[in-house]
Amino acid sequence: MKLVFLGPPGAGKGTLAAKAVELLQIPHISTGAIFRAAIAARTPLGIKVKEIIDAGKLVDDETTIALVRERLAAEDAQKGYILDGFPRTIAQADALDSFSKVDRVVNFDIPDGAVIERLSGRRVCKNCGANYHILFTKPKTEGRCDLCGGELYTRDDDQSDAIQRRLEVYRAQTAPLIEYYRRKGLLVDVDARPAVDQVIENFRKALKL
């Protein structure tokens, strides 16, 4: 099964993708992972991506599309895949359609208020990087890591105003993409608000697994 996952920051796509990988036995492919692998392998495209990133620029559509095409040609992706972070635009979706036909596009739907609550409540240990949440996974001692006793802090991109900006960018980019796939009859909406196990159950039902 060839799937695309859509969903705003904080929808839990990474966690859900890990569960879906177990369920479907297909690779989870994110653009970030593709970039890192290509850079590590020092492929011609990887060298180009490193130069772009080192210059502080965004990787252009043409290069991103070429990398995704290269990754989807790998042996482990022949029986299917979960694409996460691509496509981000209609142009990328059109390009994907030219070399790989998607079976379903799963839109993990969650209101902005729930995203802000999830992300703004996240706390990270300065010392070991462990993650906590002021509502869902509280540390035993407020402000201190259970594992190493390190100080917990809120990352800059988890501040409410930063989250709001990220959501605005996501909605602007992805709203047209949601309609694009809905018109093609490929879009499946899954409520991403409940606990992970319930979302996975909703996912199974939506895809008739």
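Q: Which radius of gyration does the chain have, and what would a compact globule with 209 residues have?
A: This is a predicted model, so let's start with its overall dimensions. Along its principal axes, the C-alpha trace spans about 55 × 40 × 30 Å. For 209 residues, a compact globule would come out near 17 Å, and the chain agrees with that, because its radius of gyration is 18 Å.

Q: What share of the residues of the chain count as buried?
A: Burial here means under 20% relative accessible area. Of the exposed surface, about 11,500 Å², carbon and sulfur atoms supply 50%. Among the 209 residues, the buried share is 39%.

Q: Which helix gives the most residues to the largest nonpolar core?
A: The chain has eight helices and eight strands. The largest nonpolar core holds 29 residues, and Leu6, Leu83, Leu96, Val105 and Tyr181 touch the most other members. Elements that give two or more residues to this core include strands S1 (2–6) and S3 (81–84), along with helices H5 (90–99) and H7 (160–183). With five residues, the top contributor is H7.

Q: How many residues are in the second, separate core?
A: Take Leu6 in the largest core before moving on. Beyond its neighbours within four places in sequence, Leu6 is in contact with residues including Val105, Phe108, Tyr170 and Leu177. The second core stands separate and includes Ala11, Val115, Ile163 and Ile200; its residue count is 22.

Q: How far apart do the centres of the positive and negative side chains lie?
A: The chain carries 32 positive and 29 negative side chains. The centres of these two sets are separated by 2 Å.

Definitions and conventions
Residues numbered from 1 in each chain as written. Predicted model: local features only at pLDDT ≥ 70, side-chain atom pairs only at ≥ 80, totals over all residues. Heavy atoms only, no water. Core = buried A, V, L, I, M, F, W, Y, C linked by side-chain atoms within 4.5 Å. Buried < 20%, exposed > 50% of the residue type's maximum accessible area, 1.4 Å probe, protein only. Helix = DSSP H or I, 4+ residues; strand = E, 2+ residues; numbered from the N terminus. Contact = heavy atoms within 4.5 Å. Rg over C-alpha atoms; globule rule 2.2 N^0.38 Å. Areas by Shrake-Rupley, 256 points an atom, 1.4 Å probe, with all protein chains shown as cover. Lys, Arg positive; Asp, Glu negative; His and termini not counted. Charge placed at Lys NZ, Arg CZ, Asp CG, Glu CD.
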